[in-house]
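Open the model in your viewer and get ready to make a few selections. We will go from one stop to the next, with a note on what is there each time.

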Amino acid sequence: MKPQTNSYFSKSLEKGLRLLSLFNEQTPSMTQSEISSKLGMNMTSTFRYVNTLVKLGYLRRGLHSKKLGPGLQSIVLGLNILKSGDAHQTIKALVDQVHETHDITIDVALAVDDTMMTMYRREAEETLVYRLPIVSRAWHTTALGKAFLSQLPEREMLAKVKQIKLIPKTRSTIVNRDKFLSELKSIRRKGYSTANEEYTPGLIAIGAPIFNLYNHEVKGAVSFDFSILQYSLKEVEEKYVDVLKELALGVSGAITST
């Protein structure tokens, strides 16, 4: 079928989708001129599409540059598509099995640009545990964020940590950059992270990274969350680290197969 001869084919929609598809892991941002060149579209038309997508939240403009990148609505759309696929069903089944066995709160999140997006969450019954936002930038205060950062290539990790504003959420939040880097290196060696009332008082968590098993590229993390009324951090580590790592490996297998 040739789109240009089909009266039911929307050329405007095609151009908008082609524009969004220009962004990927290798090209996370572009200027309007670069977009115009890649699409073979004049600058006036490119501006019209870009401006519309920015207003709708599918593109965002850089704060200190002319670069454009995927907006929150694009990320949410991608996450919803991912949730409707086979990988999400496999991850759901893995998480549900662990939850039913241990009755713990579990989060699975993927890293997208400068955010961690919760892909699936299962909450423990009759336990007060703080719910993280679906889209979070809490890199330095959560087990999810620290587990992911710890497995980045060192140069990328250093650049990422340099950009993070180490704002204290609680009295336990790490706000010293050297101390934070030291902890990330320790997490890399251990294979799991901890968050001891660093995001909110009363919440402790352990996290493990999830990878593309083909190239060992870190993609996100899994965390187990607890109230301090249930366990101490030491007790959580002793009882649940092996369970956490096993689940993270299973989730890694699920996302690798997509």
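Start by selecting helices H5 and H9: each supplies at least two residues to the lining of the second largest pocket. Bear in mind as you look around that this is a predicted model. H5 gives the most to that lining, with five residues.

Next, show the lining residues as sticks: Leu 94, Gln 97, Val 98, Thr 101, His 102, Val 243, Glu 246, Leu 247 and Gly 250. Colour them by character and you will find four nonpolar, four polar and one charged. The space in this second largest pocket comes to about 190 Å³.

Now for the interior. Select Val 222 and Phe 224, the residues with the most contacts inside the largest nonpolar core, which has 28 residues. To see where this core comes from, add helix H5 (86–102), strands S3 (105–112), S4 (115–122), S7 (203–212) and S8 (217–227), and helix H9 (233–256), each of which supplies at least two of its residues. Which element gives the most to this core? It is H9, with eleven residues.

Zoom in on Val 222 and display its contacts. Leaving aside residues up to four places away in sequence, Val 222 touches Ile 106, Asp 107, Val 108, Leu 144, Ile 206, Gly 207, Ala 208, Ile 210, Leu 244, Leu 247, Ala 248 and Val 251.

For the last stop, select Leu 144, Val 161, Leu 166 and Phe 180, which are among the 20 residues of another core, lying apart from the largest one.

Methods: Residues numbered from 1 in each chain as written. Predicted model: local features only at pLDDT ≥ 70, side-chain atom pairs only at ≥ 80, totals over all residues. Heavy atoms only, no water. Core = buried A, V, L, I, M, F, W, Y, C linked by side-chain atoms within 4.5 Å. Buried < 20%, exposed > 50% of the residue type's maximum accessible area, 1.4 Å probe, protein only. Helix = DSSP H or I, 4+ residues; strand = E, 2+ residues; numbered from the N terminus. Contact = heavy atoms within 4.5 Å. 1 Å grid on protein atoms, 1.4 Å probe; cavity = no way out; pocket = protein on both sides within 12 Å on 5 of 7 lines; lining within 4 Å. Points joined across faces, edges and corners; volume = space filled by probe spheres on them. Nonpolar A, V, L, I, M, F, W, Y, C, P; charged D, E, K, R; others polar.
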